[in-house]
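Colleague: Could you walk me through this model, one question at a time? I would like to hear the reasoning as well as the answers.

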Amino acid sequence: AFLFAGSYFIMVYYLPYYFQSIQNVNPTMSGVRNLPLIVSMSLAIIVSGGSITKTGHTAPLMVVGGVLAT
């Protein structure tokens, strides 16, 4: 979990720099372009947390999360 979170935070940190330096957008548009990533990850965290709370099984979600991350 630590390594997955580490890769996520690196991407969240450096993606706005990519948008601003390579694609030449202003900081506001860089934030707007980050929204799909942030919203989709937040929804996935909410759904997986609810699923774990309801079923009590974490292993299937860990396998699915590893496959999707790869």
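Modeller: Gladly! One term to begin with: buried means under 20% relative accessible area, exposed means over 50%, and partly exposed lies in between. Please keep in mind that this is a predicted model.

Colleague: Thanks, that helps. Which residues of H1 are buried?

Modeller: With the cut-off at under 20% relative accessible area, Tyr8 counts as buried because its relative accessibility is 17%. Tyr8 belongs to helix H1. The full set of buried residues in H1 is Tyr8, Pro16 and Phe19.

Colleague: And which helix do the buried residues of H1 pack against?

Modeller: Tyr8 gives a good hint, as it touches Leu37, Ile38 and Met41, leaving aside residues up to four places away in sequence. Tyr8 and Ser40 are 32 residues apart along the chain, and their C-alpha atoms are separated by 12 Å. The packing also holds from the other side, where the buried residues of H2 pack against H1. For the buried residues of H1, the partner is helix H2 (27–55).

Colleague: How far apart are the end C-alpha atoms of helix H1?

Modeller: H1 covers residues 2–21, which makes 20 residues. At 1.5 Å a residue, the span should therefore be 28 Å. The model agrees with that, the end C-alpha atoms being apart by 29 Å.

Colleague: Where in H2 does a kink lie?

Modeller: From its first C-alpha to its last, H2 reaches 42 Å with 29 residues, close to the 42 Å expected at 1.5 Å a residue. Even so, H2 has a kink of about 35°, shortly before the proline Pro36. H1 has a kink as well, of about 30° at Tyr14, shortly before Pro16. The kink in H2 lies at Asn34.

Colleague: Is Asn34 buried or exposed?

Modeller: Asn34 touches Val12, Leu15, Pro16 and Phe19, not counting residues up to four places away in sequence. Its relative accessible area is 10%, and the cut-off is under 20%. Asn34 is therefore buried.

Colleague: Which element gives the most to the lining of the largest pocket?

Modeller: The largest pocket has a volume of about 840 Å³. Of the 22 residues that line it, the closest to its centre are Phe4, Met41, Ala44, Ile45 and Gly65. Two or more lining residues come from each of H1, H2 and helix H3 (59–69). With eight residues, the element that gives the most is H2.

Colleague: How many charged residues does the lining of the largest pocket have?

Modeller: Sorted by class, the lining has 16 nonpolar residues and six polar ones. That leaves the charged class, and the number there is none: no charged residues.

Colleague: What is the relative accessible area of Ala44?

Modeller: Ala44 is found in helix H2, and it is among the residues closest to the centre of the largest pocket. Ala44 counts as partly exposed, because its value falls between the cut-offs of 20% and 50%. The relative accessible area of Ala44 is 40%.

Colleague: One last thing: which residue in the loop between H1 and H2 has a positive phi?

Modeller: Most residues other than glycine have a negative phi. Here a residue other than glycine has a phi near 55°, and its relative accessible area of 67% makes it exposed. The residue in that loop is Asn24.

Methods:
Residues numbered from 1 in each chain as written. Predicted model: local features only at pLDDT ≥ 70, side-chain atom pairs only at ≥ 80, totals over all residues. Heavy atoms only, no water. Helix = DSSP H or I, 4+ residues; strand = E, 2+ residues; numbered from the N terminus. Expected span 1.5 Å × (residues − 1). Bend = angle between axes of the 7 residues up to and from the residue. Buried < 20%, exposed > 50% of the residue type's maximum accessible area, 1.4 Å probe, protein only. Contact = heavy atoms within 4.5 Å. 1 Å grid on protein atoms, 1.4 Å probe; cavity = no way out; pocket = protein on both sides within 12 Å on 5 of 7 lines; lining within 4 Å. Points joined across faces, edges and corners; volume = space filled by probe spheres on them. Nonpolar A, V, L, I, M, F, W, Y, C, P; charged D, E, K, R; others polar.
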